[in-house]
Amino acid sequence: MSIVKFDAWDPKATIFVRPREVTTDLKFVFADAPYVQTASSAFTKKDQNIFLCVDDEAFEQKLNELEELAATLLHEKSDAWFHKALTRDEIDPMLCSIVRGRPPKIRLNLRPEGVAVFDDSLNPLDEVPHEATATLIFQVRGISVYKDRFQVEMLVHQIRLAATTAASPAELGNEPRFL
């Protein structure tokens with residue numbers, strides 16, 4: 001698979017293939033998609049999720065296009081995949097969006113096998129920090145469909161932390177700094 005920068009990524013080129021039934025209630029539709037490299041952005045980690053803080057309309061628009069593609073596909077293939085025809089009016093409220101809040105936070109999953117984490121000099125690190133600014137490489141993994149909801153699943157494969165520089169005492173001056 002190739003890696004594309006986020007600006008060059010076309011989410012509409014993502015190819016979703018026939019779902020696999022994991023359990024009676026859970027189906028997973030696999031995707032064939034490139035690895036995508038984000039711009040440097042702040043993130044927080046909670047459990048096995050990364051919440052990427054991106055205040056970029058183009059980023060949000062591309063993710064909305066990806067979710068629209070998934071909803072359209074589920075509508076068009078519902079008879080064959082789920083053995084019943086679903087209308088768009090039934091599908092649209094089922095979407096659990098990966099874009100949440102203002103400014104938008106994008107939910108990405110950490111790869112269960114682990115994520116390669118590097119500092120700004122490309123030295124490997126043992127774990128994903130709970131908060132940082134970094135460039136991420138992710139891949140659209142597919143669509144998970146559980147009972148009456150679905151969401152696009154995106155897995156983080158690599159994280160490169162941004163350089164952090166501490167201010168010198170001369171730069172701080174005599175004024176106290178508050179967070």
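These are my notebook entries on the strands and the core of a predicted model.

**Ground rules.** I number residues from 1 along each chain as its sequence is written. In this predicted model, local features need pLDDT of at least 70 and side-chain atom pairs count only at pLDDT 80 or more, while totals for chains, interfaces and linings use all residues, and side-chain values use heavy atoms, with hydrogens and water left out.

**Overall look.** I began with the whole protein chain, where I found 3 helices and 12 strands; these are DSSP runs numbered from the N terminus, helices being H or I of at least four residues and strands E of at least two. Taken along the principal axes, the C-alpha atoms fill a box of roughly 70 × 30 × 30 Å. Of the 179 residues, 38% are buried, which means under 20% relative accessible area with a 1.4 Å probe, protein chains only. I then looked at contacts (heavy atoms within 4.5 Å). Among those with a separation of 6 or more, 70% are between residues 24 or more positions apart.

**Following β11.** Next I traced strand β11 (residues 131-146) and its partners, taking two strands as paired if DSSP finds at least two bridges between them.

- β3 (residues 26-32) runs antiparallel to β11 with 5 bridges, and K27 has V145 as its bridge partner.
- β4 (residues 35-37) is also antiparallel to β11, with 3 bridges; here Y35 stands opposite Q139.
- β5 (residues 41-46) adds 4 bridges, again antiparallel, and S41 faces A134 across the pair.
- β12 (residues 149-161) is joined to β11 by 12 bridges, antiparallel too.

Q139 caught my eye: Y35 is opposite this residue in one pairing, and L155 of β12 is opposite in another. I also checked the hairpin of β11 and β12, which has 2 residues between the strands; K147 takes a positive phi near 50° there.

**Into the core.** Which residues have the most contacts inside the largest nonpolar core? They are F43, I50, L136, V140, F150, M154 and I159, in a core of 44 residues. I count as a core a set of buried Ala, Val, Leu, Ile, Met, Phe, Trp, Tyr and Cys residues joined through side-chain atoms within 4.5 Å. Elements giving two or more residues to this core are β3, β6 (49-53), α1 (57-82), β8 (105-110), β11 and β12. The largest share, 9 residues, comes from α1.

**A closer look at F43.** Leaving aside neighbours within four places in sequence, I listed the contacts of F43, including I50, A134, L136, I159 and L161.

Methods:
Buried < 20%, exposed > 50% of the residue type's maximum accessible area, 1.4 Å probe, protein only.
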